[in-house]
Amino acid sequence: MRPAAQADRFGGGRRRYLAPLLDLLLWASLAAVVAWSWTGHRSYPFGLLIGGLAVWGGAVAAGRRLPLVPLFAVVLLCALDGNYSLGLPLVSYLVGRRMASTWPAAASYSALTALGTPLVLSWSGFVAWATMAGALVYAGLFPWLVGRYQRQQRALVAAGWEQAEQLEREQRMLAREVRLRERARIAEDMHDSLGHELSLLALRAGALELSADLDERTRAVAGQLRAGAAAATGQLRDIIDVLRDDDPDPAGEAAPARDTAPVAGPQSAEGPQPAPGPVPAGRQDLAARSALRADAGGVADLVRRARAAGMPVELHDGRPAEPLPPLVGRAVYRVVQESLTNANKHAPGAAVSVRLGVDDTGMVLVSVTNARPAGAPRSAPVPDRGGRGLVGLRERVRLAGGTLHTDARDGGFEVVARLPGRAGRPGEAAQGDPVSSGAVPTAGSAADRRRRVHREARRGLVAATMVLATFAGTLGGAALGYYLYATGNSVLSPERYAELRVGQDWATALPLLPRREMLEPPDPDPLPVPAGADCRYYRSHGDVLQPRLDVYRLCAAHGKLVSKDLLPAP
């Protein structure tokens, strides 16, 4: 929404109720002046007075939707009564204040000048035209510029309020995003860490329950332990569902968790701990070293503990000794952890192979493959692995700059992840996520809007100034051109003047005279005018730069030239 259109929003709702009163005041102020002047002079019929006031009232009523209507109405009514010109400054100001575009007003003033110039010149002469042209500039264009300035000031204020509201909305959205992100992070870490540990616990309890060298009471306790682990796993899933209630499709591609911390949290013998969020600057080195230690020994420890719990798993680590970036190392650990958990859940007793390596392009390859479960036919359908664990794992790998591929293989299942082995790549994958990449639109976009409003205001002022300069130049050029034209066609040469004789028939004298009279005859006339005569005045030369000018006066009466006089320059 444009800032200029927001002005009434932030300017107060009372303007809607004051508008009719202000329109009535505008109509009454000019109507009172016109009516008072007509009462004193009565220069035209009363019906025209009422009609003019009615036209003025209709123009004021339409002025809020069509701001140019009052302007044209005032100019046209000036032909009826010159007192209507007193309303020209006000309606020009309102045109500048109400209209968003500059060019309609510029075209209107230019049209008034182009249409009014020949009419005024033919009816009232050059002096009256120059007076009206000056009134149009000073009482029309300058108030219009003031109105434009007021409108732009109001637009800037509205843009400021709009920016404040936008910042508040963005802050609320950011706070909500942070809350959802934290909930998703908690759900992800609970699923990865606790789910894996509960799976190993149930595996150990099942092994004890099937052990032949234990008594019945111990096996019963082991069975209760296994059932409790299974129940805890179900409760954990319920809690994760609550934390992820904003994701309606568990198997969809929505990202349930995203890492905002550039480094992983410290590791322990029980696996990686949940990431607490952005790491303070003073602890980044310690967190990074902890993440590198987890990358070096975390996967091996994870496989060792799974093997100790009874899972037939083998590790083939072909990576070089160079440590991985913290975010990549954490992703490698999570891929292996989630894959072992799924293998234990969906293919208990099946052999599992974990392979780590680096390809020719420097990408780290993580492959976890489990064989077909014991006793299951080769063509048996593989259980759906597209739950929340793999969805979250896919998002974690994506944020680390890699890709994750899952597929059924010979009755088993395979998880393959490709991750960058060098620092600097993880940020490339998260560039489409504005929050993860730190590109949350807050003050930056607001500053852009502010600069755009200021730029539009400057353009508007420049356009208005250019319109005024163009109009003044056009008006001045037209006045100068007409003045030169009228001067050159009102010169009576001394030779032609000498050919004229007093008593000469006026019809024979007209062909010797110029086509126009001079624009500014002497006022008052220094010589007495013959009774009943009509006098005309002509220039003695056409040099406008010559200060001395003699004027020829010719007076005619009853079809005869009754006098010819030379009025010398003072």
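This section describes the confidence of the model, one helix, a strand hairpin and the disulfide.

The structure is a predicted model, and the mean pLDDT of its protein chain is 74, with 75% of the residues reaching 70 or more. Confidence varies along the chain: it is lowest in strand E1 (residues 267–268), where the mean is 33, and highest in strand E9 (residues 551–557), where the mean is 93. Two stretches with pLDDT under 50 may be noted. Over residues 380–386 the pLDDT stays under 50, and the model has 14 contacts beyond four places in sequence for this stretch; over residues 424–443 the pLDDT likewise stays under 50, and the corresponding number of contacts beyond four places in sequence is 30.

Helix H3, formed by residues 46–62, comprises 17 residues and reaches 25 Å from its first C-alpha to its last, a span close to the 24 Å expected at 1.5 Å a residue. Leu49, Gly52, Leu53, Trp56, Ala59 and Val60 are buried in H3. Seen down the axis of H3, the buried residues fall within an arc of 120°, so they line one face of the helix. An α-helix has 3.6 residues a turn, so residues three or four places apart point the same way. On the other side of H3, Gly47, Ala54 and Ala61 are exposed.

Strand E9, in which the mean confidence is highest, is joined by seven bridges to strand E10 (residues 560–567), and the two strands run antiparallel. Arg553 stands opposite Asp565 in E10. E9 and E10 form a hairpin with two residues between them, and His558, which lies in the turn, has a positive phi of about 60°.

The structure holds one disulfide, which is formed by Cys535 and Cys555, with their sulfur atoms 2.0 Å apart. The pair links distant parts of the chain, since Cys535 belongs to strand E8 (residues 534–539) and Cys555 to strand E9, the two cysteines being 20 residues apart. The torsion about the S-S bond of Cys535 and Cys555 is about 100°, and the disulfide is therefore right-handed. With regard to accessibility, Cys535 counts as buried because its relative accessibility is 13%, under the cut-off of 20%, and Cys555 is buried as well, with a relative accessible area of 0%. Cys78, by contrast, counts as partly exposed, because its relative accessibility is 23%.

Conventions. Residues are numbered from 1 along each chain as its sequence is written. This is a predicted model: local features need pLDDT of at least 70, side-chain atom pairs count only at pLDDT 80 or more; totals for chains, interfaces and linings use all residues. Side-chain values use heavy atoms; hydrogens and water are left out. pLDDT is the predictor's confidence in each residue, from 0 to 100. Helices (H or I, at least four residues) and strands (E, at least two) are DSSP runs, numbered from the N terminus. Contact means heavy atoms within 4.5 Å. The expected span of a helix is 1.5 Å times one less than its number of residues. Buried means under 20% relative accessible area, exposed over 50%, partly exposed in between (1.4 Å probe, protein chains only). The arc is that of the directions from the helix axis to the C-beta atoms. Two strands pair if DSSP finds at least two bridges between them. A disulfide is a pair of cysteine sulfur atoms within 2.5 Å.
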